[in-house]
Amino acid sequence: MQIKILGSGKEVGRAAISVEYNNRSVLLDYGVNFDENDNPVMPLHISPIKLDGVVLSHVHLDHIGAAPLLYSSVKPKAFSTRVTRHLARLMLEDFLKLSGYYLDFEINEVNSLLSSIQDVKAGDFVKLSEFFSLDFYHSGHIPGSLSVKVSTPDGSLIYTADINSIDTKLVESAKIDGAEADVLIIESTYGNANHPERKDVEKRLTESVNEVLEKGGTVLIPVFSVGRGQEIMAILAENDVSPVYIDGMVKQATEIMLENKVFLKNSELLEKAYSEQIFLKGWQDRRKVWKKPCVIVSSSGMLKGGPSRYYLRKIADDEKNAVFLVSFQGKNTPGRSIIERGIYEDGGKPVKARVEWMDFSSHAGKNGLIEIIKSIRNLEKIILVHGEPESQNVLADEIKQQTGIVPVIPNTGEVISFSKKH
């Protein structure tokens, strides 16, 4: 069994891992990253003709954004949950609209990919070929997200993809306890940090929002359209915060989730949010809404584009307003710049509005990752992906201390061989 790291080696995102046996492959995710100019960076090439199957763990672009590249001439079987498949059309069409100039695929390839997906869910088993079988687990990251076990004649591996060890408003924590595998490929996004208690962060958000509203201010909460947007909507609805306005692709994503309620922990709460909160319809609404005390939940989460960028410009100059960042803020993004430098663009004016970052991560922290590792039986090898080196080194030391296994931290392009001890 050979494991080829086609992306996510010593970087967050661009997830793409090929598991090979006897010159056939199963591909685990095929995502993109973005460079400092916001242009997409693709994973390493794999020949689609070699693929017995493609597993799409969840719908974020850093896990599915390059997958249509595999569907121009052949149509390998693909597997995801139903809600991931439905959301994938929304995400990939938007990706084409924003970055199409830089992409080597078009809508035909997106359609070809989506028509090749077989719906699976946590608990399902698929005999893929004489060399590969797949077992699926709930990963707790966003609605419909999966971890997968790949079994070959020469050993088995579990790929966690993005995984969370705590319940959130949208989904329950990962259900992977007691699984057995020879190799574990685990994300390490927060391998050097533990998150605060979720209930404390939710309380802080609600109280902070109400403080700003009481003083006549406007609150902007930039969110990722899929996952974080619905999480924040649910928290605000549960605490009866109003008025709340929703903008960007969050609306379509929420509707798709509500059509797939089986993947939600508490669909009633998201339904409450959907019915009570107000969806903005376009520029006429946008130009009015920020002028009065309210909460605006809008994509994009890192303020790189989307309506959130417009609202930021409008409210940044008044100290009674606030920007509450609730998503991961990548390097060189306006969101990270506001936190670190107090400005959102080079040469720009300082942001006078109140700015806070609140940790609503949907990734397990260090202790959660260790917990997940210890819950898997008979591990011989652990591979850390989807993390910055600083985070991975801290996690690797902790894993070695607690399990005796020295993890592998591969670069993108590296090949790791494994043969089961017979």
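## Exercises on a predicted model

Salt bridges link Arg-204, Glu-211, Arg-354 and Glu-356 in a network. The model is predicted, so to speak of local features a pLDDT of at least 70 is needed, side-chain atom pairs count only at pLDDT 80 or more, and totals for chains, interfaces and linings use all residues. Residues are numbered from 1 along each chain as its sequence is written, and side-chain values use heavy atoms, with hydrogens and water left out.

**Exercise 1. Find how many salt bridges the rule gives, and what Asp-240 and Lys-272 tie together.**

Step 1. Take the rule: a side-chain nitrogen of Lys or Arg lies within 4 Å of a carboxyl oxygen of Asp or Glu. The count comes to 32 salt bridges.

Step 2. Check the pair. Asp-240 and Lys-272 meet through their side chains at 2.8 Å, N to O. Asp-240 sits in the loop between α5 (228-238) and β15 (244-247), and Lys-272 in helix α7 (residues 267-276), so the salt bridge ties together parts 32 residues apart in sequence. Helices (H or I, at least four residues) and strands (E, at least two) are DSSP runs, numbered from the N terminus.

Step 3. Grade the accessibility. Buried means under 20% relative accessible area, exposed over 50%, and partly exposed in between (1.4 Å probe, protein chains only). Asp-240, at 56%, is exposed. Lys-272, at 26%, is partly exposed.

**Exercise 2. Compare two further salt bridges: Glu-11 with Arg-14, and Lys-352 with Asp-317.**

Step 1. Glu-11 and Arg-14 come to 2.8 Å, N to O. Both residues are buried.

Step 2. For Lys-352 and Asp-317, the closest N and O atoms are 3.8 Å apart. This pair links distant parts of the chain, 35 residues apart. Lys-352 is in the loop between α10 (334-341) and β19 (354-357), and Asp-317 in the loop between α9 (306-315) and β18 (322-325).

Step 3. Asp-317 has a relative accessible area of 40%, which is partly exposed.

**Exercise 3. Describe the surroundings of strand β12 (residues 155-159).**

Step 1. Start with burial. Five of the five residues of β12 are buried, so the strand is largely enclosed by the rest of the structure.

Step 2. Sort the directions. Gly-155, Leu-157 and Tyr-159 point one way, Ser-156 and Ile-158 the other. In a regular strand, side chains alternate between the two faces of the sheet.

Step 3. List the partners. Two strands pair if DSSP finds at least two bridges between them. Strand β11 (residues 146-152) runs antiparallel to β12, with five bridges. A hairpin of two residues joins β11 to β12, and Ser-151 has Ser-156 as its bridge partner. Strand β13 (residues 183-187) pairs with β12 in the parallel sense over three bridges. There, Leu-157 stands opposite Val-183.

**Exercise 4. Say which residues of helices α3 (residues 107-115) and α11 (residues 366-375) are buried, and what lies against them.**

Step 1. In α3, Glu-109, Val-110, Ser-112, Leu-113 and Leu-114 are buried. They pack against β7 (78-80), α2 (82-99) and β8 (117-119), where contact means heavy atoms within 4.5 Å.

Step 2. In α11, seven of the ten residues are buried, so the helix is largely enclosed by the rest of the structure. The seven are Lys-366, Gly-368, Leu-369, Ile-370, Ile-372, Ile-373 and Ser-375.

Step 3. The cover over the buried residues of α11 includes β13, β20 (381-385) and α12 (389-403).
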